[in-house]
Amino acid sequence: MRLLPFLVLISSLLDYGCTSASCNMTCHKDARCEVQGGITGCYCSQGYTGNGLTFCYDDNECENATQPCGEHANCTNTVGSYFCMCAPGFKSSNGQQTFVPNDGTSCVDVDECSNEGTVACGDHAKCENVDGGFNCSCKEGYQPSTGKLQFKPNDGTSCQENPKAKCELYNDCITEHINRTLAGISHLKTPLEMLQKINRNTLGPLLPVDVIAYVEALSYSSLNAMHYPVSDNEALRNTTINVLVNTVNNFLQKDKITAWEALPGDKQRQSLTKLLHTAEQAALLMSQNFKKTTQLDANASDIALRVFAFDSHRMKHIHPHVYMGADYIKISPKKREESHPNGTVAVVFLRYNNIGSLLSSPKNHSSKDTSEQRQTVSSSVIAVAISSDPPTLYELEKITFTLKYAKTADKDIKCAFWNYSADTMNGNWATEGCELTHSNSTHISCKCNHLTHFAVLMSSGGSVGVTNYNILTRITQLGIIISLICLSMCIFTFWFFSEIQSTRTTIHKNLCFSLFLAELIFLIGINMNNNKLFCSITAGLLHYFLLAAFAWMCIEGIHLYLIVVGVIYNKGFLHKNFYVFGYVSPAVVVGISAALGYKYYGTTEVCWLSTKNNFIWSFIGPACLIILVNLLAFGVIIYKVFRHTAMLKPEVSCYENIRSCARGALALLFLLGATWIFGVLHVVQGSVVTAYLFTIFNAFQGMFIFIFLCVLSRKIQEEYYRLFKNVPCCFGCLR
């Protein structure tokens, strides 16, 4: 009984498909005589299709099934069967070159850019792995020779040094790249072709000089459109507007923010203003002369545009307003009593998502700002422009808008507009003609009586502001002039009076001489940044003479130390070494710095050392080292002076003299050291207090030195007394 189920199963299987021993049929070579379903016949073997008697054709499994091998695999048909292989850029999970479906094998991506990969993109190129392949691209500072942003090895593309990467944004460098960019589009015939070319060239990463050059090119194409007849083809105009929006969007995407931030403040704002102005005017120009009432939308990731175009007969029925994201804008025209003449109106609304951070005041700005406080744009930036023919057909009465903003505690909010000159493209935030009508924790409503670009501003303390900036500028100019006079008097004193000649006066004379030249160069050339070569030379000379002043201050500390410890030395030999250390060692530092980073001498703001790559430490480092050495030397001097004063009463007068010299040297150290300590604090904090402290100590340095070294010195007082005693007009005053 137990064998009965098993026998039934075997019987059924044999009945379904088996080879009959009594089969006398002649079958095709790729078929077998079998019993299937109780019927004896010739049946094609697996992998074949046919009647089994006269023909059995190969069954192409690769065509008859969808992805029989799975994803990222290719199917290869064979006679009576098939096999699978992973597509190029993938490998099988079992490590075998071929496999069959449903055996648990899958195709996984090959990382050609890994250490195990064999890809060599070439010099100055980097590899980026993607599913099923890889791409090569040039590293920062290099550009592909074929113009392809992504390429493959051995396709003829190499990475060449990009001359733009070396451009330090001086006027001559910028002008060269602007001319080159304009030459690349000036041969194109229509504004659309120009926009398409600019759009293609700004899709990828941009250098700071590219931003300036392509904004100029965009402005040029807009200007060219003004002289180009407006097309009656509405489809063409719609296409042109969409390309314009996408091109402007290329400049404002998040990956371009770094390039914008690398621009100097004035050039950044000028280019931003020109970009905003160009987008508004170009959209307005292209929106004119629509044949019928039109509403057009063009959106991109960081910019949205809406156009209303209508004729004078529909003015009463159309009230242009728009919801853009979480923002709402509405314009109200002036009411007209008389009948409307025939004419057309175009209204353009624009909304920028991410441009606000670039139009905010920089964190440590010292430029002429229009506010005493740092201003942060905390909303999107919107713009409205109107064009009517005739111009008096559609005049604005007011614009109302509600913007979503990010509120921060303890900060004032206000409605503001970007006030700029179309001639110079210099702009700043202003509030005239705008008032806040309502606000809550998420939105603010405003009303303005003019058109331009609007945003919500938040004000916070910490910036210098225009008033303080002007005061600090006057203090600097006055202080340096007074310091130059005082330093010249110091040099005259130490040079003219023979009775006070000593090693110490020699040191003071050279220190004052170095500071005099440094301050004179500062007064003349610190703002001469239009000429790159002149600016770099000015920065190099400032670097040298300021380091020379610190070197001579160090020499004074060393000299006092040698006196106190009682070292016997040859005066002539010592003076020679002092001159070598005082003038040659700064030259060595400046020479090495220039050899390693000559392009960092002079910036686009001032003719001083750049802070890029920490190059400023070529000055701060040696200065801090000298201050540290002097502090250690003065510590030893003070210890020995007080120790000997207590032990050797007869020699008190000698050490009293040393103590007096040490006090003067410490005063010099304090003056030179405190100046740059306040300078570093101002860079870190950017407060009004540190700005005033740094300016006063730096500008009046020469006057303080004259007071400490000359006015308060008894020997020099006596020398001047003897000098003026022989002058009749001065003798009465001295008595």
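1. To start with a working rule: a charge sits over a ring if NZ of Lys or CZ of Arg is within 6 Å of the ring centre and within 35 degrees of the ring normal. Please keep in mind that this is a predicted model. With that in hand, look at Trp495: Lys509 lies over the face of this ring, at 4.5 Å from the ring centre.

2. You will find a second example at Phe134. Here the residue over the face of the ring is Lys152, at 5.5 Å from the ring centre.

3. Now to rings that meet other rings. The count of aromatic pairs comes to 19. One of them joins Phe496 and Phe497 in an edge-to-face arrangement, 5.3 Å centre to centre with 80° between the planes. Phe496 is partly exposed, at a relative accessible area of 47%, while Phe497 counts as buried at 5%.

4. Another pair to view is Trp552 with Tyr579, also edge-to-face, with 5.5 Å centre to centre and 80° between the planes. Trp552 belongs to helix α12 (residues 532-565) and Tyr579 to helix α13 (residues 571-597), so this contact ties together parts that are 27 residues apart in sequence. Is each partner buried or partly exposed? Trp552 counts as buried, because its relative accessibility is 0% and the cut-off for buried is under 20%. Tyr579, at 35%, counts as partly exposed.

5. Finally, do go back to Phe496 and Phe497 with a wider view. Both belong to one aromatic cluster, together with Phe492 and Tyr720.

Note on methods. Residues are numbered from 1 along each chain as its sequence is written. This is a predicted model: local features need pLDDT of at least 70, side-chain atom pairs count only at pLDDT 80 or more; totals for chains, interfaces and linings use all residues. Side-chain values use heavy atoms; hydrogens and water are left out. Rings of Phe, Tyr and Trp (its six-membered ring) pair if their centres lie within 6.5 Å; planes under 30 degrees apart count as stacked, over 60 as edge-to-face and the rest as tilted. Buried means under 20% relative accessible area, exposed over 50%, partly exposed in between (1.4 Å probe, protein chains only). Helices (H or I, at least four residues) and strands (E, at least two) are DSSP runs, numbered from the N terminus.
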